[in-house]
2 protein chains.
Amino acid sequence: MHHYSRDNMAELLRAHDINPTHQRIEIAYALFSHQEHLSADQVMTIVNDRHAETSKATVYNTLNLFLEKGLIREVIVDPSKVFYDPNTGPHHHLYEVDSGRLTDIAADDVRIEGLPELPKGMETVGIDLIVRVKRTA
Amino acid sequence: MHHYSRDNMAELLRAHDINPTHQRIEIAYALFSHQEHLSADQVMTIVNDRHAETSKATVYNTLNLFLEKGLIREVIVDPSKVFYDPNTGPHHHLYEVDSGRLTDIAADDVRIEGLPELPKGMETVGIDLIVRVKRTA
DNA sequence: CCGGGAGTTAGACAGAGTCCAAGTCCTAGA
DNA sequence: TCTAGGACTTGGACTCTGTCTAACTCCCGG
């Protein structure tokens, strides 16, 4: 799927067992129709730049709901804020320290080998690989 | 070196081009004499449990100074706070999601292969690999 | 048309971290 | 020894991200 519409979003939400309300559709649309990884704050700005007024509480509620339901993923690279990533497939991240830009690294060719056994009674939730880069001086 | 004293710390600080003041020595000692990765808050508690009163501002100033000088490393795994890691050698992290416990993974046997070329004019600052685990239900 | 639950809202609140202006400490020089 | 100045520290106000709450709105089923 390459083109996202608000109707798409409604279906997508339903498929993830989420009741598609106006606000939820707008927020999902904001996330999926943008390339970049957005912070809660950016989501709110985008959503409120068009007609509808959506409150901060709803933005946070909704993002957390999307997380729970596995619709999006959170990316923790910046100590000051969380980024939300509509791409839930396996992939890694490139974080440009100076600018705060966060981009994807396809997981296809990346191999991680030699990780030790997990402690008993533990299971992996996820593996995050973050390559931090900066502009060469 | 397996045993850390405050005298050691003074030397260590000087070796990293940091003027060893009382507060800095205490903070360095707190970090290096503990196994765990500590948050700023925990550092402050530890340092103030003994005699000296050290202010929040100083704790943050000092941790940031240590970071700049490469004495410690910051670990960003929890959206709500930063952890500080006195181990600056190459290694990875295991994060227990439920409890917030953060432990090291030795880098010796771990190989990461197939990372794509960096964009022009970029250089790697660091590669963070975080394995998130939870208790099996 | 009505009642009720799900969803939304404004605004108060919490916690991490920064900033600032004033105060203290330490050292070098006379 | 005394003093001036820079380095360091401090309390407290402030900012920012995110959460909570209690009231309100919306929508759907009967």
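Visitor: What share of the 137 residues of chain A counts as buried, and what makes a residue buried?
Guide: The share is 39%. Buried means under 20% relative accessible area, exposed over 50% and partly exposed in between, with a 1.4 Å probe and protein chains only. This is a predicted model, where local features need pLDDT of at least 70, side-chain atom pairs count only at pLDDT 80 or more, and totals for chains, interfaces and linings use all residues. Residues are numbered from 1 along each chain as its sequence is written, chains are lettered from A and ligands numbered from 1 in the order in which they are written, and side-chain values use heavy atoms, without hydrogens and water.

Visitor: What makes a residue count as near DNA strand C?
Guide: One of its heavy atoms must lie within 4 Å of the strand. Of the 20 residues around DNA strand C, those that come nearest include A:Thr21, A:Glu53 and B:Lys56. Sugar and phosphate make up 74% of the atoms of DNA strand C that come within 4 Å of the protein.

Visitor: Why is the pair between A:Thr58 and DNA strand C called a polar contact?
Guide: A polar contact is a pair of N or O atoms within 3.5 Å. An N or O atom in the A:Thr58 side chain is 2.7 Å from a phosphate oxygen of DNA strand C, so the pair qualifies. For A:Ser55, a backbone N or O atom lies 3.1 Å from a phosphate oxygen of that strand.

Key:
Polar contact = N/O pair within 3.5 Å; in protein donor to acceptor, adjacent residues only side chain to side chain.
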